[in-house]
Structures are given as structure tokens and as C-alpha cells.
Amino acid sequence: MLIASHIAAMGFGLYGLVILPRSPEFLATMPPQGVAIMTFGMAHGGALYIVLGALAVAIYGCQLLGLRKLLLFLVPAFCLSLASELLGTSTGFPFGAYAYTELLGPKVMGLVPFVIPLSWFYMGLVCYLLARGVFGEARGVLGTVGPLLLGAWFLTAWDLVLDPAMAVADPKFWIWQQQGPFFGMPLQNFAGWFGTGLLFMSVARWAWRSNPPAPATGRLTVPMVIYVANITFSSVLSIGAGLFIPVLIGLVLGLLPVLWAWWCSAAQTTAPRLSQVAE
């Protein structure tokens, strides 16, 4: 239910941001109740879809990992991403100089919307679990470091589509005060994304003390659906703003590798695992 609501909220946002501006006469024919719904949705929809996504992934993560491990991921993801965002909006490091508009709701210290660390959490956990599925029962450095690097990569690939859409589309969710070669934004933004994601994933993995069990294919369906829905949302926004290259980049570097990760997990599930044979 929460996953469906999360996706529905994104669909509502796409309608308001991409379709409605191209048919303003439709809004003029709406009854007052419809106008009120649209007004509320445009004012609060951005924060709502993030909250719904965070709730859906938190419940899923609790079922998959247990409450303790979920919290050991959620707390560093929320706190470290918030610290990184506060540092970024104050100093320009590590992402570059930018500022949030008012579209995502109340802000921490007047700088970072409260829901932003929630988006880091739910997409971060989704990306890590998908990457974990790729490495299966691998042990040692490969089984530990591999999912962290690949998970941070999946997270950054999502931002390659998300950032141009949110910063160029009208209305804007954040504004870049520092120009760069990637559709007006600096390349250090993506280094900051990769570093922040890698940091909180690594802290969570250290707190766990061991790798979580590799999820079976069916258990990875939820992360796959969440990732595909979010990168599709960003892609449609980018297309609506006339930005096609970020969509292509997100497809090649994000969506296709994630589908490959899901397939890898399926292949490993159908084959006997060494640990099972040993038992």
C-alpha cells in the first residue's frame, strides 16, 4: 500500500509539473475542490512522496534485516547525509554551492528540508541491497567492499538524472549558485554524492559487524521497484524540461545495471549455494 502510494504521489507530481503546464485551460475548468487538491499537491507533494518512500522502505527493511539492523542503517544515513547537506548549503563542500527552495517543506537550520535525509536513507538502503544481491555469498574484502562501492554507484547514477530535473525544471526544487559543465552544475556534486553514500553505507556495515544475508530474488523486488520508479520519475521530469542526455546516462549507468543486479540475484537463487552444500 505504501509503495503504491509512493508511486502514485510521484505520478501526481509528474502530472502537475510536466503535463498540467502544457494544458493550463484544464485547470481553469476544474471545480473548486479539484483546484484545492492540485494546490495542496503542488505545495506538499514533493515532501509527501519522499516520506511515503521512506516509510515503505523502512517497513521492508525491518522485515528483511530486523529492527536493529534497520536502525543501524537509518541513523547514519539520516545523520551523515544531513551533515553533508548542511555543510554543502553552508560552504559549497562537498557538492558545490546550491540552495533549496521552499518546495520541499520545512528546513533544518533554514537550509536543508527535513525530508532530504529521508530520501538519502530510503534510496541508499535500496541501492545497497540491490548491490548486495550482485555479490551473493562472496566473502572477505570482495563481499564487504563490493556492495558498498556498487551501492554508492547506483545512488549516484540516480542523481545524474534527478539533479538536472529538479534544478532545471520549473518550478525548481533547488538552485545552483555555482556553474559547471553538467547542465549548469559542477561535477564535484557527483563526487559528493558518491562519497556521502559510501560513507553512511560503510558506517552502517561497520555497525552491523557482518554482511547481511544475500536477499533472494523475491525479496529484491521491492528495492528494484522503488529504484525503477524513482529513476523513471526523474527521467520524465528531465524529458519535460527538454533534457534527454541525463535520461540516457541514467539508463546506461543506473537503470540497466540495477536490472542486471536483480537478474544476478535471480541466477544465484536458482543455483545451489556453496554454504548450503557444505551444510
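Select Pro-94 in this predicted model. Pro-94 sits in the loop that runs between α4 (67–91) and β1 (98–100). Now add Phe-93 and look at the peptide bond that joins Phe-93 to Pro-94: this bond is cis, and its omega is near 10°. Most peptide bonds are trans.

Next, show the whole protein chain as a cartoon. The chain has 10 helices and 4 strands. Followed from the N terminus, the elements come in the order α-α-α-α-β-β-β-α-α-β-α-α-α-α. Colour by burial if the viewer allows it: of the 279 residues, 51% count as buried. With the surface switched on, the chain exposes about 12400 Å², and carbon and sulfur atoms supply 75% of that area. Contacts can be sorted by distance along the sequence. Among those between residues at least 6 apart, 76% join residues at least 24 apart.

Move to Met-109. This residue lies in the loop between β2 (107–108) and β3 (112–113). What is the sign of its phi? The phi of Met-109 is positive, near 55°, and the residue is not a glycine. Most residues other than glycine have a negative phi. Met-109 is exposed, with a relative accessible area of 67%.

Select residues 188–208, which form helix α7. The helix has 21 residues and reaches 30 Å from its first C-alpha to its last, close to the 30 Å expected at 1.5 Å a residue. Show the side chains as sticks. Buried residues of α7 include Phe-190, Trp-193, Phe-200, Met-201 and Trp-208. Gly-192 and Gly-197 are also among the buried residues of this helix, and so is Arg-205.

Step on to Arg-209, just after α7. Arg-209 is in the loop between α7 and α8. Is this residue buried or exposed? Arg-209 is exposed, with a relative accessible area of 58%. Its phi is positive, near 75°, in a residue other than glycine.

Last, select helix α6 (residues 140–168) together with helix α8 (residues 221–240). Their axes come within 7 Å and cross at roughly 30°. Angles under 35 degrees count as roughly parallel, and α6 and α8 are therefore roughly parallel to each other. The crossing of α6 past α8 is left-handed. To see the contact, show side chains on both helices. On α6, the residues that make it include Phe-154, Trp-158, Val-161, Leu-162 and Met-166. On α8, they include Tyr-227, Asn-230, Ile-231, Phe-233 and Leu-237.

Note on methods: Residues numbered from 1 in each chain as written. Predicted model: local features only at pLDDT ≥ 70, side-chain atom pairs only at ≥ 80, totals over all residues. Heavy atoms only, no water. Helix = DSSP H or I, 4+ residues; strand = E, 2+ residues; numbered from the N terminus. Buried < 20%, exposed > 50% of the residue type's maximum accessible area, 1.4 Å probe, protein only. Contact = heavy atoms within 4.5 Å. Areas by Shrake-Rupley, 256 points an atom, 1.4 Å probe, with all protein chains shown as cover. Expected span 1.5 Å × (residues − 1). Axes fitted to C-alpha atoms, helices over the stretch in contact; angles between N-to-C directions. Parallel < 35°, antiparallel > 145°, perpendicular 65-115°, else oblique. Left-handed = near helix turned anticlockwise from the far one by under 90°.
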